[in-house]
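Welcome to this short tour! Keep your viewer open and get ready to select residues as we go.

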Amino acid sequence: MARRLVDWPGGLIVFDVRVDAMTPFAEAGATAADSVAEVAAADVISVTVLNDEQVRDVVGQLAAHAKPGTVIALHSTIKPDTAAELAEQLRPNGIHIVDAPVSGGAGAAEKGELAVMVGADDEAYDKVKPVFKNWASMVVRAGEPGAGTRMKLARNMLTFVGFAAANEAMRLAEAAGLDLQK
């Protein structure tokens with residue numbers, strides 16, 4: 001995602017706790033930040049960390065330094081209510097929270113063909129859509145903050161139901177004596 005934003009007008013700021021993870025982006029023209037606080041200078045910030053606890057920590061650090069109008073997009077796996085809670089908490093500061101889970105995998109990321117399900121208010125969605133279009137072929141607004149995460153959960157459930165149904169069909173075919181390879 002970041003690789004496809006290196007040439008973004010106004011520049012790209014990257015931060016990772018591992019300096020070596022930022023090096024290729026810095027070599028390509030991005031600004032490597034020394035802290036999360038330095039990333040808060042951006043108008044649109046994408047957060048990709050491991051879990052809900054880390055999201056809350058990073059958003060807290062960003063919010064302490066972000067200016068009104070900043071959009072913080074959460075691409076990490078979070079609890080269904082986290083984005084809505086953070087949006088409500090930061091609304092008085094003029095900071096927008098967007099939950100924007102991504103589907104598609106590494107191959108799709110390389111080609112810019114990811115799908116992103118966005119939970120955002122109108123103003124924030126208008127700001128993130130052109131940014132996300134650099135790395136996603138499908139940007140869908142699911143509703144207000146929190147709706148993107150709920151849409152991703154529903155999508156995952158449909159996918160896994162399909163896998164379970166295919167597995168059961170194969171077991172039935174095997175039990176009936178059919179050769180699955182044929």
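A residue counts as buried when its relative accessible area is under 20%. Keep that cut-off in mind, and remember that the model you are looking at is predicted.

Start by selecting Trp135. Its relative accessibility is 1%, so Trp135 counts as buried. Now add Phe132, which is buried too because its relative accessibility is 0%. The structure holds two aromatic pairs. Phe132 and Trp135 form a tilted pair: their ring centres are 5.0 Å apart, and their planes meet at 50°.

Next, widen the selection to the largest nonpolar core, which has 24 residues. Those touching the most other members are Val98, Val116, Val118, Phe132, Trp135 and Val139. Colour the elements that give two or more residues to this core: α1 (19-27), β4 (71-74), β7 (114-119), α6 (122-132) and β8 (136-143). Which element gives the most to this core? It is α6, with five residues.

Click on Val116 now. Leaving aside residues up to four places away in sequence, Val116 touches Ala100, Pro101, Val102, Phe132, Trp135, Ala136, Met138, Val139 and Val140. Apart from the core you have just explored lies another one, of 22 residues, including Val36, Ile45, Ile78 and Leu90.

For the last stop, go to helix α3 (residues 52-63) and select Asp52. Is Asp52 buried or exposed? With 10% relative accessibility, Asp52 counts as buried. Show its side chain together with that of Thr82, and you will find a polar contact of 2.5 Å between the two. Not counting residues up to four places away in sequence, Asp52 touches Thr77, Ile78, Lys79 and Thr82.

Terms used: Residues are numbered from 1 along each chain as its sequence is written. This is a predicted model: local features need pLDDT of at least 70, side-chain atom pairs count only at pLDDT 80 or more; totals for chains, interfaces and linings use all residues. Side-chain values use heavy atoms; hydrogens and water are left out. Helices (H or I, at least four residues) and strands (E, at least two) are DSSP runs, numbered from the N terminus. Buried means under 20% relative accessible area, exposed over 50%, partly exposed in between (1.4 Å probe, protein chains only). A polar contact is a pair of N or O atoms within 3.5 Å; within protein, one must be able to donate a hydrogen and the other to accept it, and residues adjacent in sequence count only if both atoms are side-chain atoms. Contact means heavy atoms within 4.5 Å. A nonpolar core is a set of buried Ala, Val, Leu, Ile, Met, Phe, Trp, Tyr and Cys residues joined through side-chain atoms within 4.5 Å. Rings of Phe, Tyr and Trp (its six-membered ring) pair if their centres lie within 6.5 Å; planes under 30 degrees apart count as stacked, over 60 as edge-to-face and the rest as tilted.
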